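Let's take a friendly walk through one protein chain, going from its sheet to its helices and loops. Keep the 3D view open and turn it as you read.

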Amino acid sequence: NVGKTVRVSLKIPENDIVIFTGGKLTPAKKTDILIDAFLKIAHPNLHLIIVGDSNSSDKQFRSKLIQKCNESNKIHFIGWV
């Protein structure tokens with residue numbers, strides 16, 4: 001039931017497709033490329049959930065990711081859980 005709870009809290013319809021990624025936000029994980037690809041697809045029934053945070057040395061990278069996430073209301077940046 002966790003998936004349903006997450007969908008409800010983020011207002012994601014039950015039949016929409018969700019891409020999930022989580023973990024330490026570092027340049028090596030290329031989350032920025034995932035976000036860029038997601039933005040290019042721009043499918044109306046597609047959502048991206050990003051869970052995680054960076055360490056202190058990657059805070060600038062984290063800020064870059066958050067700026068990219070703000071380009072779409074279909075990207076849900078949760079942060080550290």
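The term pLDDT stands for the predictor's confidence in each residue, on a scale from 0 to 100. You need it here because this is a predicted model. Among the elements of the chain, helix 1 has the lowest mean pLDDT, 91, while strand 2 has the highest, 96. Over the protein chain the average is 92, and 100% of the residues score at least 70.

**The sheet**

Start with the strands. Three of them form an open sheet in the order 1-2-3, with parallel pairing. Strand 1 (17–22) and strand 3 (75–79) are the edge strands, and each of them pairs on one side only. From one strand to the next, the twist averages 15°. As background, strands of a sheet pair through backbone hydrogen bonds, either parallel or antiparallel.

Now look at strand 2 (residues 46–51), which is joined to strand 1 by six bridges. Two places to find are phenylalanine 20, whose bridge partner in strand 2 is isoleucine 49, and glycine 22, which stands opposite valine 51 of strand 2.

Is strand 2 enclosed or in the open? Six of its six residues are buried, so strand 2 is largely enclosed by the rest of the structure. In a regular strand the side chains alternate between the two faces of the sheet. Here, Leu46, Leu48 and Ile50 point one way from strand 2, whereas His47, Ile49 and Val51 point the other way, and all are buried.

**The helices**

Helix 1 (residues 2–10) gives another picture: of its nine residues, the number buried is zero, so helix 1 lies largely in the open.

Which strands does helix 2 touch? Helix 2 (residues 31–41) packs on the sheet and touches strand 1, strand 2 and strand 3; its direction makes about 165° with that of strand 2.

Helix 2 also packs against helix 3 (residues 59–69), at an angle of about 10° and with the axes 10 Å apart. Because angles under 35 degrees count as roughly parallel, helix 2 is roughly parallel to helix 3. On the helix 2 side, the contact is made by Thr31, Asp32, Ile35, Asp36 and Leu39; on the helix 3 side, by Phe61, Lys64, Leu65, Lys68 and Cys69. Sorted by class, this contact has five nonpolar, one polar and four charged residues.

**Two residues with positive phi**

Most residues other than glycine have a negative phi, and most peptide bonds are trans. With that in mind, have a look at these two loop residues.

| Residue | Phi | Loop | Relative accessibility |
|---|---|---|---|
| Lysine 11 | about 60° | between helix 1 and strand 1 | 73% |
| Alanine 42 | near 50° | between helix 2 and strand 2 | 57% |

Lysine 11 comes just after helix 1. Are these residues buried or exposed? A residue counts as exposed when its relative accessible area is over 50%. At 73%, lysine 11 is therefore exposed, and alanine 42, at 57%, is exposed as well. Lysine 11 is not a glycine, although its phi is positive, and alanine 42 is likewise a residue other than glycine with a positive phi.

How values were computed. Residues numbered from 1 in each chain as written. Predicted model: local features only at pLDDT ≥ 70, side-chain atom pairs only at ≥ 80, totals over all residues. Heavy atoms only, no water. Buried < 20%, exposed > 50% of the residue type's maximum accessible area, 1.4 Å probe, protein only. Helix = DSSP H or I, 4+ residues; strand = E, 2+ residues; numbered from the N terminus. Pairing = 2+ DSSP bridges. Axes fitted to C-alpha atoms, helices over the stretch in contact; angles between N-to-C directions. Contact = heavy atoms within 4.5 Å. Parallel < 35°, antiparallel > 145°, perpendicular 65-115°, else oblique. Nonpolar A, V, L, I, M, F, W, Y, C, P; charged D, E, K, R; others polar.
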